[in-house]
Amino acid sequence: MYKKIIVPVEMGTIERGERAFRKAATLLDAGGEIILLNVVQDVPTYIAVDLPAELIDNAIDDGRAQLEQLRLRTGIPAKVEIGRGPAAHGILAAAQAHGADLIIVASHVPDFSNYFIGATADRVVRHAKCSVLVDR
């Protein structure tokens, strides 16, 4: 059905990411590609002053390692990629850069401020130029 699928995974809820990853594998055309993506948020400079300088580098390394473990554990072939910046922007940029035809984004249980779907998922749905599947 799809040739290029972006599966963003938040490290704090990797089990949701795994579910989305497995779903992507069932929707992928033969010869297609899945990109497992983690976007590391930059720390505002007024906070970064009080944090270790290697914090972002460690988060990038940790994200890459966890995505590689997920890929190996499931046995599903995928490319692992780490982005930086606001999550929705990183997801949309990766989808555009790869020419993705589907983004599968996991949604958390929303609170009142983002009742229907999570804030990142909402932004991705509103601004993506390809199909978006929100996995609940």
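Arg19 counts as partly exposed, at 38% relative accessibility; the term covers values between buried, under 20% relative accessible area, and exposed, over 50%, with a 1.4 Å probe and protein chains only. The model is predicted: local features need pLDDT of at least 70, side-chain atom pairs count only at pLDDT 80 or more, and totals for chains, interfaces and linings use all residues. Residues are numbered from 1 along each chain as its sequence is written, and side-chain values use heavy atoms, with hydrogens and water left out.

Arg19 forms a salt bridge with Asp135, and the closest N and O atoms are 3.0 Å apart. A salt bridge here is a side-chain nitrogen of Lys or Arg within 4 Å of a carboxyl oxygen of Asp or Glu. This pair links distant parts of the chain, since Arg19 is in helix H1 and Asp135 is in strand E5 (residues 131–135), 116 residues apart. Helices (H or I, at least four residues) and strands (E, at least two) are DSSP runs, numbered from the N terminus. Asp135 has a relative accessible area of 4% and is therefore buried.

Helix H1 holds another salt bridge, between Glu18 and Arg22, whose closest N and O atoms are 3.0 Å apart. Where do these two residues stand relative to each other in helix H1? They are four residues apart in helix H1 (residues 14–27), so about one helical turn separates them. Glu18 is buried, with a relative accessible area of 18%, whereas Arg22 is partly exposed at 39% relative accessibility.

A further salt bridge joins the side chains of Lys79 and Glu81, at 4.0 Å from N to O. Lys79 is partly exposed because its relative accessibility is 36%. Elsewhere, Glu18, Arg22 and Arg73 are joined into one network by salt bridges that share partners. The whole structure has nine salt bridges.

The overall layout comes next. The protein has five helices and five strands, and along the sequence they follow the pattern β-α-β-α-α-β-α-β-α-β. The strands form an open sheet of five, in the order E3-E2-E1-E4-E5, with parallel pairing; two strands pair if DSSP finds at least two bridges between them. Strand E3 (79–84) and E5 are the edge strands, each pairing on one side only. From one strand to the next, the twist averages 25°; angles run from 0 to 180 degrees between N-to-C directions, and axes are lines fitted to C-alpha atoms, for helices over the stretch in contact.

Within this sheet, strand E1 (residues 2–8) and strand E2 (residues 28–40) pair in the parallel sense over six bridges. Val7 has Leu36 in E2 as its bridge partner. Gly31 also lies in strand E2, and it counts as exposed because its relative accessibility is 84%. Gly31 and Lys4 are 27 residues apart in sequence, with 9.4 Å between their C-alpha atoms. Helix H1 lies across E1, E2, strand E4 (102–106) and E5, and runs at about 160° to E2.

Ile56 belongs to helix H3 (residues 55–74). Is Ile56 buried or exposed? Its relative accessibility is 14%, so Ile56 counts as buried. Apart from neighbours within four places in sequence, Ile56 is in contact with Val40, Gln41, Asp42, Val43 and Arg84, where contact means heavy atoms within 4.5 Å. The C-alpha atoms of Ile56 and Gln41 are 8.2 Å apart, and the two residues are 15 residues apart along the chain.

Two other helices meet each other. Packed helices are described by the angle between their axes and the distance between the axes. The axes of helix H4 (residues 87–98) and helix H5 (residues 119–127) come within 9 Å and cross at roughly 40°. The crossing is right-handed; that is, the near helix is turned clockwise from the far one by less than a right angle, and anticlockwise would be left-handed. Ala87, Ala88, Ile91 and Leu92 in H4 meet Thr120, Arg123, Val124 and His127 in H5. The residues of this contact divide into five nonpolar, two polar and one charged. Ala, Val, Leu, Ile, Met, Phe, Trp, Tyr, Cys and Pro count as nonpolar, Asp, Glu, Lys and Arg as charged, and the others, Gly among them, as polar.

Two totals describe the whole protein. Of its 136 residues, 40% count as buried. Among contacts with a separation of 6 or more, 76% are between residues 24 or more positions apart.
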